[in-house]
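Biologist: I'm new to this one. Could you take me on a close look at the ligand and the residues around it, and then at what else stands out?

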Amino acid sequence: MAGIIFLGPPGSGKGTQAQILAQSLAIPHISTGEILREAITNQTELGKQAKAYVDGGELVPDELLLDLIRERLSQPDAQTSWILDGFPRNIAQAAFLDELVAELGQSCQWAIDLKVPQAVLIQRLLLRGRKDDTEETVRRRLEVYEEKTAPLIEYYQQRGKLHSIDGDRTPEEVAEALKVLVS
Ligand code: ADP
C-alpha cells in the first residue's frame with residue numbers, strides 16, 4: 001500500500017469517505033480542514049493566522065501548511081501508507097507533495113476524485129451547516145475549488161494516478177466502491 005489523496009469539491013463527501021477508508025485500512029487519515037478547524041477552536045498561532053481565510057471560503061496561504069504536512073508525513077505511523085484529505089488543493093501544493101514524498105522515500109499511489117453534480121454539492125453543504133457553510137462562503141469555496149483545485153484532476157491524470165468515483169450515491173455505496181478500488 002502507499003499514499004492515497006482525496007480530491008473532490010467541498011461537499012463531495014471526501015472527509016467522510018477518507019475517514020471510513022483510513023479506518024478499514026488502519027492507516028492515518030490526515031485532514032487539513034480538520035487540523036485547521038481544531039487550530040481555530042484552540043486559538044493556536046496557526047488558527048489565528050488561518051481563521052479569516054477559512055471563514056471567507058479562501059484557501060489559507062500555502063506556507064501555513066507545508067511544514068505541517070512535512071512533519072506529519074515524517075511521523076513513524078505514516079512511513080508506508082496514509083490518506084491525505086484536503087491536501088494538495090492547488091498545483092504548488094501538489095508539486096511540494098511530489099518532492100516531499102520522494103525525499104521521504106514514500107510514494108503516492110492513488111488520487112481519488114469524488115464526482116458529484118454541483119446542484120447536489122450546494123444542497124449538501126447548506127444542509128450540513130458547518131460554521132464555514134453559509135450560502136456566501138459555500139459559493140466562494142466552490143469557485144475556489146474550480147479555479148485552484150480542479151486543475152489537479154489533470155495533474156494526477158497525466159501521472160497515471162487518477163481514479164474517478166461516482167460520489168452521488170449513498171455513503172455506504174461510495175465506501176464499498178473505494179474499498180474495491182484500493183484492494
Ligand atoms: P471541504 O471539504 O468542505 O472543502 P475542508 O474541511 O477540506 O472542507 O476545508 C475547509 C477549509 O480549510 C477550506 O475552505 C480552506 O479554507 C482550508 N483548507 C483546507 N485545506 C487546505 C489546503 N490544502 N490549502 C489551503 N487551505 C486549505
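Modeller: Here is the ligand site, followed by a strand residue and a pair of helices. Keep in mind that this is a predicted model, where local features need pLDDT of at least 70, side-chain atom pairs count only at pLDDT 80 or more, and totals for chains, interfaces and linings use all residues. Residues are numbered from 1 along each chain as its sequence is written, and side-chain values use heavy atoms, with hydrogens and water left out.

There are 19 residues around the ligand (a heavy atom within 4 Å of it), and K14, T32, E58, R89 and R141 come nearest. R89 places a polar side-chain atom 2.5 Å from an oxygen atom of the ligand. Q93 has a polar side-chain atom 2.9 Å from a ligand nitrogen atom, while V60 uses a polar backbone atom, 3.0 Å from a nitrogen atom of the ligand.

Now for S31, which sits in strand β2 (residues 29-31). S31 counts as buried because its relative accessibility is 7%, with buried meaning under 20% relative accessible area (1.4 Å probe, protein chains only). A polar atom of the S31 side chain lies 3.0 Å from the backbone nitrogen of E34.

Last, the helices: α5 (residues 91-103) and α8 (residues 151-158) pack at about 30°, their axes 10 Å apart. That makes α5 roughly parallel to α8, a label for angles under 35 degrees. In the contact (heavy atoms within 4.5 Å), I91, A94, A95, L97 and D98 of α5 meet P151, L152, Y155 and Y156 of α8.

Notes: Axes are lines fitted to C-alpha atoms, for helices over the stretch in contact, and angles run from 0 to 180 degrees between N-to-C directions. Helices (H or I, at least four residues) and strands (E, at least two) are DSSP runs, numbered from the N terminus. Angles under 35 degrees count as roughly parallel, over 145 as roughly antiparallel, 65 to 115 as roughly perpendicular and the rest as oblique. Buried means under 20% relative accessible area, exposed over 50%, partly exposed in between (1.4 Å probe, protein chains only). A polar contact is a pair of N or O atoms within 3.5 Å; within protein, one must be able to donate a hydrogen and the other to accept it, and residues adjacent in sequence count only if both atoms are side-chain atoms.
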